Amino acid sequence: MFPIAIMYYFGTNLDNRFSVPGFWPKPEETHKIPFERDEIKAELERLRRKRLEKRARRLDGEE
């Protein structure tokens, strides 16, 4: 009877007992995949600018 009581104690009400509020990100905070042609071009341009800025900073640091 004792193991069954332990399983019942830990098996009931798990959502309230072991949940951490705010653990999973909200849908607004996650990455969104662009599907439209214009959105893809804008994202590629943003990534290209970011890469070139990092490259410029790295080259400035080496000189």
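In this predicted model, Phe2, Ile6, Tyr9, Phe10, Leu14 and Phe18 form a nonpolar surface patch of about 660 Å². Helix α1 is the main contributor to the nonpolar patch, giving four residues. An α-helix has 3.6 residues a turn, so residues three or four places apart point the same way.

One of the patch residues, Phe2, belongs to helix α1. Phe2 counts as exposed because its relative accessibility is 64%, and the cut-off for that class is over 50%. The helix that holds Phe2 spans residues 2–11 and is hardly covered, with a count of zero buried residues among its 10. Just after α1, Asn13 adopts a positive phi of about 60°.

For the protein as a whole, the secondary structure consists of three helices and zero strands, in the order α-α-α from the N terminus. The radius of gyration is 25 Å, well over the 11 Å that the globule rule gives for 63 residues, so the protein is more spread out than a compact globule. Buried residues make up 0% of the 63 residues.

The overall values are collected below.

| Property of the protein | Value |
|---|---|
| Box filled by the C-alpha atoms, along the principal axes | roughly 75 × 35 × 15 Å |
| Exposed area | about 6800 Å² |
| Share of the exposed area from carbon and sulfur atoms | 59% |
| Positive side chains | 14 |
| Negative side chains | 12 |

The centres of the positive and negative sets of side chains lie 3 Å apart.

Conventions: Residues numbered from 1 in each chain as written. Predicted model: local features only at pLDDT ≥ 70, side-chain atom pairs only at ≥ 80, totals over all residues. Heavy atoms only, no water. Buried < 20%, exposed > 50% of the residue type's maximum accessible area, 1.4 Å probe, protein only. Helix = DSSP H or I, 4+ residues; strand = E, 2+ residues; numbered from the N terminus. Rg over C-alpha atoms; globule rule 2.2 N^0.38 Å. Areas by Shrake-Rupley, 256 points an atom, 1.4 Å probe, with all protein chains shown as cover. Lys, Arg positive; Asp, Glu negative; His and termini not counted. Charge placed at Lys NZ, Arg CZ, Asp CG, Glu CD. Patch = residues over 30% accessible without salt bridge, like charges linked within 9 Å, V, L, I, M, F, W, Y side chains within 5 Å. Salt bridge = Lys/Arg side-chain N within 4 Å of Asp/Glu carboxyl O.
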